[in-house]
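Trainee: I would like to go through this model with you. Can we start with how its helices pack?

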Amino acid sequence: MIVLINNINFWWRLSEWSFVMSFIGTLAVILVATTVFGHLSVRLGMPAVIGQLISGIIIGPAILGIIQPGELVANFAEIGIILLMFIAGIESDLQQLRKFLKPALLVATCGVIFPIFVMGTFSLFFSYHFQEALFIGAVFSATSVSISIVGLREFRSLNTKEGTTILGAAVADDIMGVIILSLLISLETSSAVDINNLIIQLTFQCVFFIGVFFLVRWIAPILMHFSEKLLIPTNRTISAMIICLLMAYIAETVGLSGAIGAFFAGIAVGQTNSKKVVVMYIEPIGNAIFIPVFFVNIGLGISFSNSLTSLIFIITMTLLAILTKWFGGYLGSILSGFTKQSSNIVGAGMVARGEMALITAQIGYNAHFIQKELYIDLIFIIVLATIIAPLLLRWSLRQKVD
C-alpha cells in the first residue's frame, strides 16, 4: 500500500513538472514570435504591437496551432494589462487629467452611444434577435486604452490634451460598459434580486472611487515613504507593485476592470518621489515578458472555423466597430472645442477594443445571451479592430507631427 502511494505521488509530481515545463516552452515560443514579428513590423514602418498581435494569430489555433489558449497564458496576459496600465498611470499628469475631465466624459458618452445604436441596429438586419443585437452593441461600446497607450508613448503624446482625453475617456468608457452589461443581465433575468445586486455593485464602485481619492492624496505617499526604510532590495518597487496588484484586485471585486485599478494605482505612485525608480524597474519586466503575452493572447482568440460563412457580417461589423468609435471620439472632441486634427487623434485612439470587449463577449456567451458561432465571430471582429486601431492612431499622430 505504501509503495502504491509512493508511486502515485511520484507520477503526480512528474505530471506537474511536465505541465510547468510545457508552459515554460510555450512562454519561450511566445517571446521568440513576438520578438521576430515585432521587429519585422517596425522594419515595415508599423508599430511593434501589430507584429505581436499577428504573431498570436500565426502561432495560435487559427494557423499553425503551436500555442493554444490556456489559463496560465491568460493569467500572464492579465498581468501584462495591469502592468501596462500601471505604467501609463505613473506617467500620466494628474493636473492634465483634471483639466480634460469634461472632454473625456463627452468622448466616452459619444463613444458608447454610437456603437450601441448603430451596431445594434445593423445586427437586426442579420436576423439577430433584439437582445442579441443590443448585446452586440454593448460589446463594441468598450475601449481598450492599453493598445492606444503604446502608440501614444511612442510619439511622446501621453500627456498631451489628446492623450489625456483618450485615457480619461477610456476609464469612463469602462465604467459605462460595466453598468450597461449589468443592466442587460438584470433585464434578461428580470429578477428583483439581480436589480438589488446591481444597486449594491454600483454602490461599491462609488466607494472604490472615493477610496482612489484617499489613495492618491494620503495612502500611497505614506506607504511609499515607509517603503524607503525597508532593508530589502528594490523596496520601493515591491511596495508599488503591492499597491498596483491590490488596486487591480479591488477593482475586479467591485465589478470593474483590473486595468482601471492598476491605472489609478499608477497615478497614486506617480505623485510620490519614487516615480522614476519604480518605472525604471517595472517597465523592463513588463515589456520583456508580460505585455508581449497580453498582445499574443488577443491573437490566440482568432479562429477561422466560422469566418467564411459569416464573412459579410464580420466585414460589416469590423467597419462599423472602427467608424462608430472613431466618430464618437471625434464628435465628443469637437463638442469640447478641439481642432479637427486633435479630434481625429482622439477618435483613432478610441477605436481599439481588446480586453474589455473580450471579457464582455465571454460573459455574454457564458450567460447564454449569444450562441457559440456568434461568439467566435465577435472575437474575430474584436481582434481585427484591435489590429487596425494602432495603425489609425499612428497615422493620425503622424499627421499632427507633419
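Trainee: How are H3 and H12 oriented to each other?

Mentor: This is a predicted model. Helix H3 (residues 71-91) packs on helix H12 (residues 275-300) at an angle of about 140°. Angles over 145 degrees would count as roughly antiparallel and 65 to 115 as roughly perpendicular. The angle between H3 and H12 fits neither range, so the two helices are oblique.

Trainee: What is the handedness of the crossing of H3 and H12, and how many nonpolar residues does their contact have?

Mentor: The axes of H3 and H12 lie 7 Å apart, and the crossing is left-handed. By class, the contact of H3 with H12 has 3 charged residues, 3 polar ones and, for the class you asked about, 21 nonpolar.

Trainee: Which helix gives the largest share of the largest nonpolar core?

Mentor: That core has 118 residues, and Phe86 and Phe140 have the most contacts inside it. Beyond four places in sequence, the residues that Phe86 touches include Ala240, Phe263, Val278 and Ile282. The largest share of the core is 13 residues, and it comes from helix H16 (residues 372-401).

Trainee: Is Thr165 buried or exposed?

Mentor: Thr165 is found in helix H8 (residues 161-189). Leaving aside neighbours within four places in sequence, Thr165 is in contact with Phe100, Pro103, Ala104, Val107, Phe338 and Val346. Buried means under 20% relative accessible area. Thr165 has 0% relative accessibility, so Thr165 counts as buried.

Conventions: Residues are numbered from 1 along each chain as its sequence is written. This is a predicted model: local features need pLDDT of at least 70, side-chain atom pairs count only at pLDDT 80 or more; totals for chains, interfaces and linings use all residues. Side-chain values use heavy atoms; hydrogens and water are left out. A nonpolar core is a set of buried Ala, Val, Leu, Ile, Met, Phe, Trp, Tyr and Cys residues joined through side-chain atoms within 4.5 Å. Buried means under 20% relative accessible area, exposed over 50%, partly exposed in between (1.4 Å probe, protein chains only). Helices (H or I, at least four residues) and strands (E, at least two) are DSSP runs, numbered from the N terminus. Contact means heavy atoms within 4.5 Å. Axes are lines fitted to C-alpha atoms, for helices over the stretch in contact, and angles run from 0 to 180 degrees between N-to-C directions. Angles under 35 degrees count as roughly parallel, over 145 as roughly antiparallel, 65 to 115 as roughly perpendicular and the rest as oblique. A crossing is left-handed if the near helix is turned anticlockwise from the far one by less than a right angle, and right-handed if clockwise. Ala, Val, Leu, Ile, Met, Phe, Trp, Tyr, Cys and Pro count as nonpolar, Asp, Glu, Lys and Arg as charged, and the others, Gly among them, as polar.
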